[in-house]
Amino acid sequence: MIDRNRPAFEYFTHGLGSSGEPPLAMKIDIVTLFPEICRAPLNESIMKRAQKKETVDLYIHNLRDWTTDKHHVADDAPFGGGQGMVMKPEPIFAAVEELRNQTSKVVLMSPAGRRFDQQMAAQLSGESHLVIICGHYEGVDHRVIEHLVDLEISIGDYVLTNGAIAAVVLVDAVVRLMPGVLGHEQSAVDDSFSRGLLEAPQYTRPAEFRSWKVPDVLLSGNHAEIAAWRNEQARKRTKQNRPDLLR
Ligand code: JF5
């Protein structure tokens with residue numbers, strides 16, 4: 001159950017080992033009416049490697065498997081009237097109650113959720129089991145949120161047709177932070193957002209393309225100057241594109 005008086009990070013402590021290190025493996029169960037939306041992107045290279053290495057044990061479930069009526073109905077009209085359909089509580093409760101254990105975090109993807117960011121991805125990467133429910137239509141019966149879900153998460157301020165798309169984004173961002181998933185362990189640490197600034201511009205060969213030259217400093221071999229230039233460029237870019245990140 002969500003207790004809105006507790007800070008978000010407290011929801012993430014159960015999966016950590018006794019010394020606070022992230023577990024070596026995570027089980028993820030995605031529950032959706034559109035399992036095919038999740039399959040292809042989550043079977044791509046890096047996610048495939050994570051699953052091969054058994055860092056991630058990923059299952060994609062069709063919510064319809066937990067409907068009990070003969071037409072496998074998962075949604076219904078909203079009480080009080082209004083547009084569209086609302087996801088019924090019974091199949092969602094049945095699915096989660098079958099899939100979860102004592103340490104699971106139950107997540108609902110919804111535009112009405114808490115905003116997902118790199119810090120939340122890092123906290124979730126320390127969990128041992130995520131059960132991710134994908135919202136659709138006009139939303140899910142609120143009893144799911146009140147009595148089943150630990151965390152409602154939004155990947156951004158826009159509305160998708162389908163929470164499965166948001167779940168793919170969340171799983172990708174979380175799994176790539178797990179130990180051994182990325183080739184170079186350093187890359188996750190150096191990312192945009194982990195330092196609170198956007199990345200500096202990058203260049204590769206050729207040193208001149210259509211008369212546009214790569215900045216001289218990057219060819220100078222002077223590592224202190226390169227670091228200073230990157231810092232200044234990162235600030236410039238952040239001020240231009242994301243002034244909100246510069247407090
Ligand atoms: C959805 C009701 C879920 O649109 C989203 C979403 C946006 N950010 N994070 C999730 O999910 C689909 C739509 C309407 C519930």
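Mentor: Before we start, a residue counts as near a molecule if its C-beta atom, placed from the backbone, lies within 6 Å of it, and the model we are reading is a predicted one.

Trainee: Which of the 14 residues around the ligand come nearest?

Mentor: With that cut-off of 6 Å for the C-beta atom, the shell divides into 6 nonpolar, 8 polar and no charged residues. Among the 14 residues around the ligand, those that come nearest are Pro111, Gly135, Leu160, Gly163 and Ala166.

Trainee: Which element gives the largest share of the shell around the ligand?

Mentor: Two elements, strand E5 (105-115) and helix H6 (163-175), each supply at least two residues of that shell. The largest share amounts to 3 residues, and the element that provides it is E5.

Trainee: Where does E5 stand in the order of the open sheet of 5 strands?

Mentor: The sheet is bounded by the edge strands E2 (56-62) and E7 (151-154), each of which pairs on one side only. E5 runs parallel to E7 and is joined to that strand by 5 bridges, with Arg115 standing opposite Ser154 in E7. The pairing in the sheet is parallel, and the place of E5 is read from the order E2-E1-E6-E5-E7.

Trainee: What angle does the direction of helix H3 make with that of strand E6?

Mentor: Helix H1 (residues 35-42) lies across strand E1 (26-32) and E2, running at about 155° to E2. Helix H3 (residues 89-99) also packs on the sheet, where it touches E1, E2, E5 and E6 (129-134), and its direction makes with that of E6 an angle of about 170°.

Methods
Residues numbered from 1 in each chain as written. Predicted model: local features only at pLDDT ≥ 70, side-chain atom pairs only at ≥ 80, totals over all residues. Helix = DSSP H or I, 4+ residues; strand = E, 2+ residues; numbered from the N terminus. Nonpolar A, V, L, I, M, F, W, Y, C, P; charged D, E, K, R; others polar. Pairing = 2+ DSSP bridges. Contact = placed C-beta atoms within 7 Å. Axes fitted to C-alpha atoms, helices over the stretch in contact; angles between N-to-C directions.
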